[in-house]
Amino acid sequence: MTTGATVWLTGLPSAGKTTIAYELAGRLREQGRRVEVLDGDEIREFLSAGLGFGREDRHTNVQRIGFVAELLARNGVTALVPVIAPYADSRDAVRKRHEANGTPYVEVHVATPVEVCSVRDVKGLYAKQAAGELTGLTGVDDPYEEPAAPDLRIESQNQTVQESAASVYALLSERGLA
């Protein structure tokens, strides 16, 4: 059976997590890998509907996604998870779940500065926050705890999406996961 893995892409809103994940998914599929992208927005709509954006609800959301990712990964699927996951303890709990089951886990910090993210503003969140229409925006008026020791750090403002995805692919290849 093919070895699965979870690749958790964490970073601020509009950092490029989802874009990189879909680019990487295409490359992995071309290599014959089974891949699923667990997009944070889709998960919020279907798996975590009703949860808010307070610390406890965000933790619950991350744990649900981590459970599904680990389940897929231990069954031979590469689960790409582009989710903000702002709190270190939530991400650590997901990593520990993977370790307890012997499931490969790779943490990628898409370390795009908030100034770049606010210009990209894919969903208009930064504009809404600046206009006073939104509070609790991660990295602006709600905390984002950067990973202390991610497996890979990508500064997406300094490279193309293809180069970013290639960096993750290279790491997976080194670990026998691509």
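## A walk from helix 3 to the pocket

A polar contact of 2.6 Å links the side chain of arginine 58 to the side chain of threonine 138. Select those two residues to begin. One thing to keep in mind as you click around: this is a predicted model.

**Stop 1: arginine 58**

Keep arginine 58 selected and color helix 3, residues 55-73, which is where arginine 58 sits. Is arginine 58 buried or exposed? Arginine 58 counts as buried, because its relative accessibility is 7%, and the cut-off for buried is under 20%.

Now show what surrounds arginine 58. Leaving out neighbours within four places in sequence, its contacts are Arg44, Gly52, Phe53, Pro86, Tyr87, Gly136, Thr138 and Asp142. Pick tyrosine 87 from that list. Tyrosine 87 is 29 residues away from arginine 58 in sequence, and their C-alpha atoms are 8.5 Å apart in space.

**Stop 2: strand 1 and threonine 10**

Next, select residues 5-10, which form strand 1, and zoom in on threonine 10. Threonine 10 has a relative accessible area of 0%, so this residue is buried. What does the side chain of threonine 10 reach? Turn on the backbone atoms of isoleucine 84: the threonine 10 side chain reaches the backbone oxygen there at 2.6 Å.

The contact list of threonine 10, again without neighbours within four places in sequence, includes Val83, Ile84 and Ala85. Also among them are Glu107, Val108, His109 and Val110. You can add Lys17, Arg91, Tyr144 and Pro147 to the selection to complete the list.

**Stop 3: the strands on either side of leucine 9**

Stay in strand 1 and look at how the strands pair up. Strand 1 and strand 3 run parallel, joined by five bridges. Strand 1 and strand 4 run parallel too, also with five bridges. Select leucine 9: its bridge partner in strand 3 is proline 82, and its bridge partner in strand 4 is valine 108.

Now color strand 3, residues 78-82. How many of its five residues are buried? Five of the five are, so to speak, out of sight: they are buried. Thr78, Leu80 and Pro82 lie on one side and Ala79 and Val81 on the other, with both faces covered. Strand 3 also runs parallel to strand 2, residues 35-37, with three bridges between the two. To see one pairing there, select valine 37 and its strand 3 partner, leucine 80.

Move on to strand 4, residues 105-110. Six of its six residues are buried, which means strand 4 is largely enclosed by the rest of the structure. Tyr105, Glu107 and His109 point one way, while Val106, Val108 and Val110 point the other way. Which strand comes next to strand 4 through three bridges? That is strand 5, residues 152-154, and the two run parallel. Select histidine 109 and you will find arginine 153 of strand 5 standing opposite.

**Stop 4: the loop after strand 1**

Head for the loop between strand 1 and helix 1 and pick leucine 12. Leucine 12 is buried, because its relative accessible area is 10% and buried means under 20%. Its contacts beyond four places in sequence include Ile84, Val110, Cys117, Tyr126 and Tyr144. Thr138, the partner of arginine 58 in the opening contact, is one of the contacts of leucine 12 as well.

In that loop you also find serine 14. Serine 14 is not a glycine, yet it has a positive phi of about 70°. Serine 14 counts as buried, at 16% relative accessibility.

For another residue with a positive phi that is not a glycine, jump to aspartate 121, where phi is about 35°. Aspartate 121 sits in the loop between helix 5 (114-120) and helix 6 (125-130). Aspartate 121 is buried, with a relative accessible area of 16%.

**Stop 5: the largest pocket**

Finish by switching on a surface. The largest pocket has a volume of about 700 Å³. Select Pro13, Asp41, Ile84, Lys123 and Leu125: of the 29 lining residues, these lie nearest the centre of the pocket. Helix 1 (17-30), helix 2 (40-46) and helix 3 are the elements that give two or more residues to the lining. Color the lining by type and you get 13 nonpolar, nine polar and seven charged residues.

Definitions and conventions: Residues are numbered from 1 along each chain as its sequence is written. This is a predicted model: local features need pLDDT of at least 70, side-chain atom pairs count only at pLDDT 80 or more; totals for chains, interfaces and linings use all residues. Side-chain values use heavy atoms; hydrogens and water are left out. Helices (H or I, at least four residues) and strands (E, at least two) are DSSP runs, numbered from the N terminus. Buried means under 20% relative accessible area, exposed over 50%, partly exposed in between (1.4 Å probe, protein chains only). Contact means heavy atoms within 4.5 Å. A polar contact is a pair of N or O atoms within 3.5 Å; within protein, one must be able to donate a hydrogen and the other to accept it, and residues adjacent in sequence count only if both atoms are side-chain atoms. On a 1 Å grid over the protein atoms alone, a cavity is a set of points where a 1.4 Å probe fits but cannot get out, and a pocket is an open set with protein on both sides within 12 Å along at least five of seven lines; lining residues have an atom within 4 Å of a point. Grid points are joined across faces, edges and corners, and a volume is the space filled by probe spheres set on the points. Ala, Val, Leu, Ile, Met, Phe, Trp, Tyr, Cys and Pro count as nonpolar, Asp, Glu, Lys and Arg as charged, and the others, Gly among them, as polar. Two strands pair if DSSP finds at least two bridges between them.
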